[in-house]
Amino acid sequence: MRREPTPRVGYVVKRYPRFSETFIVNEILAHEAAGLPVDIFSLYPPNDTHFQDTLSLVKAPVTYLTAEGVRAFDFWSAIEGAAHVVPAIWQSLEAARGQEARVVYQAARLAAAVRQRGITHLHAHFATMPAQVARLAARWAGITFSITAHAKDIYHDSVTTDALRALLRDASGVVTVSDYNARYLVETIGVDASQLHRIYNGLDLDRFDVALRSDRRPTILAVGRFVPKKGFDVLLDACALLVRDGARFTCRLVGGGSEEGSLRARATALGLEQVVQFDGPLPQREVMAALREATVFAAPCVVAEDGDRDGLPTVLVEAMALGTPCVATDVVGIPELVRHRETGLLVPPQDAPALAVALRALLEGPALRLQLATDARALIEAAFDVRRNAALVRALFQAAPAASPIAMAS
């Protein structure tokens with residue numbers, strides 16, 4: 001019997017590794033555990049100071065397609081180099097019309113690597129530059145590509161509807177991480193629903209032993225980049241209301257970012273120096289320890305003025321997996337995860353008084369904490385197991401070669 005060749009998939013990402021993109025590492029590890037060879041292609045070098053502990057487990061080789069400092073000579077050398085293994089590239093340069101020079105350069109290098117390594121499919125995380133590079137490289141190399149669309153790449157003000165529609169149209173498969181996103185893409189962008197697959201980001205649940213303890217010290221924990229969409233300013237306002245009403249607790253903010261100065265200033269102005277502590281970015285094992293120790297995890301996400309927003313924050317899934325009860329806002333896909341009074345408490349965004357009430361209910365309600373944490377863990381096991389969800393993504397990869405390589409006629 002003739003054996004089908006083993007597929008080999010190239011993952012295309014903007015930066016690798018990136019601390020906030022644990023979901024990509026989890027997905028690649030699940031593929032490798034299932035026997036799928038993976039290559040990683042990063043458009044930029046890393047710029048974080050902390051990384052996931054699980055990075056050392058990834059076997060996939062990483063190739064950086066960095067374009068900084070590239071001169072005209074380097075650009076044409078990349079095209080010439082690709083032509084040695086993709087001779088038709090000269091006749092297909094029309095496909096690059098209108099693209100940024102860095103996209104063309106990176107796509108040429110990627111197309112050459114695809115041919116040299118026997119890669120059969122490309123998968124891009126985020127429907128922005130990684131997808132643009134994957135699309136052009138797939139066109140030149142004569143293979144298929146797919147995309148996982150998250151949130152900023154869909155909703156941010158900088159997203160051009162026509163460009164997003166073209167990317168998703170040419171992909172052999174489109175994954176998105178929430179039902180909310182899926183509805184938006186079908187109704188607003190016009191994506192063919194049969195081409196679209198909602199697959200949640202997943203966790204390796206063997207690493208998340210649930211701890212339903214009632215003896216935790218009264219601690220509110222929030223983790224994430226200090227950017228407007230996280231809503232940490234609203235959390236500080238809620239903390240001030242709790243202090244005013246006599247609640248006893250500590251609030252830990254883990255992370256860093258452009259808003260750190262203004263958040264610190266706000267905490268000082270609210271008189272929260274003895275209540276709120278800024279822990280800075282922490283390694284993942286310390287984030288996990290903080291999640292296990294916290295009484296309540298807060299995800300007060302909002303839609304930022306520039307349209308940026310969270311889809312389904314991975315750390316929220318992690319908190320629920322570990323048995324830490326959560327308070328979150330009902331924005332984007334979060335209600336699919338935090339179901340009010342079933343798997344957590346939901347409040348409206350930008351509503352500090354409502355957030356304070358919900359936080360106090362969990363700080364002072366051990367029975368409610370236990371009930372929500374138990375049902376939250378059950379939901380995570382049912383819908384966010386990375387082995388199961390990565391298998392769904394692999395099914396798209398395996399089906400892709402049956403599709404015609406992209407034509408990109410327009």
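**Exercise 1. Work out which way the side chains of strand β11 point, and whether they are buried or exposed.**

Solution. Start with strand β11, which covers residues 296-299 in this predicted model. Val296 and Ala298 point one way from the strand, whereas Phe297 and Ala299 point the other way. This can be compared with the general rule that in a regular strand the side chains alternate between the two faces of the sheet. Next, consider accessibility, for which the cut-off is under 20% relative accessible area for a buried residue. Val296, Phe297, Ala298 and Ala299 are all buried.

**Exercise 2. Find which strands pair with β11, and describe how the chain passes from β11 to β12.**

Solution. Take β8 as one partner: β8 and β11 pair in the parallel sense, over two bridges, and within this pairing Val296 of β11 is the bridge partner of Ile220. Then turn to β12, residues 326-329, which runs parallel to β11 and is joined to it by three bridges; here Ala298 has Val327 in β12 as its bridge partner. Finally, follow the chain itself, which leaves β11, passes through helix α11 (residues 314-321) and arrives at β12, making a β-α-β crossover that is right-handed.

**Exercise 3. Place these strands in their sheet, and explain why one side of β10 and of β13 has no neighbour.**

Solution. Begin with the pairing of β8 (residues 219-223) and β9 (residues 250-254), which run parallel and are joined by five bridges; in this pairing Ile220 stands opposite Cys251 in β9. Now set out the complete order, β10-β9-β8-β11-β12-β13, in which six strands form an open sheet with parallel pairing. The strands β10 (276-280) and β13 (345-347) stand at the edges and have a single partner strand each, so one side of each is left without a neighbour in the sheet. As a last step, look at the twist: on average, neighbouring strands of this sheet are turned by 25° against each other, direction ignored.

**Exercise 4. Determine how many disulfides the structure has, and check Cys301 and Cys326 one by one.**

Solution. Recall that a disulfide is a covalent bond between the sulfur atoms of two cysteines. A search of the whole structure finds zero disulfides. For Cys301, the nearest cysteine sulfur is that of Cys326, 11 Å away, while the cut-off for a disulfide is within 2.5 Å. Checked from the other side, Cys326 has the sulfur of Cys301 as its nearest cysteine sulfur, at 11 Å, and is likewise in no disulfide. Accessibility completes the picture: Cys301 counts as buried because its relative accessibility is 3%, and Cys326 is buried with a relative accessible area of 1%.

Methods. Residues are numbered from 1 along each chain as its sequence is written. This is a predicted model: local features need pLDDT of at least 70, side-chain atom pairs count only at pLDDT 80 or more; totals for chains, interfaces and linings use all residues. Side-chain values use heavy atoms; hydrogens and water are left out. Buried means under 20% relative accessible area, exposed over 50%, partly exposed in between (1.4 Å probe, protein chains only). Two strands pair if DSSP finds at least two bridges between them. Helices (H or I, at least four residues) and strands (E, at least two) are DSSP runs, numbered from the N terminus. Axes are lines fitted to C-alpha atoms, for helices over the stretch in contact, and angles run from 0 to 180 degrees between N-to-C directions. A crossover is right-handed if, with the strands pointing away from the viewer, the path from the first strand over the helix to the second runs clockwise.
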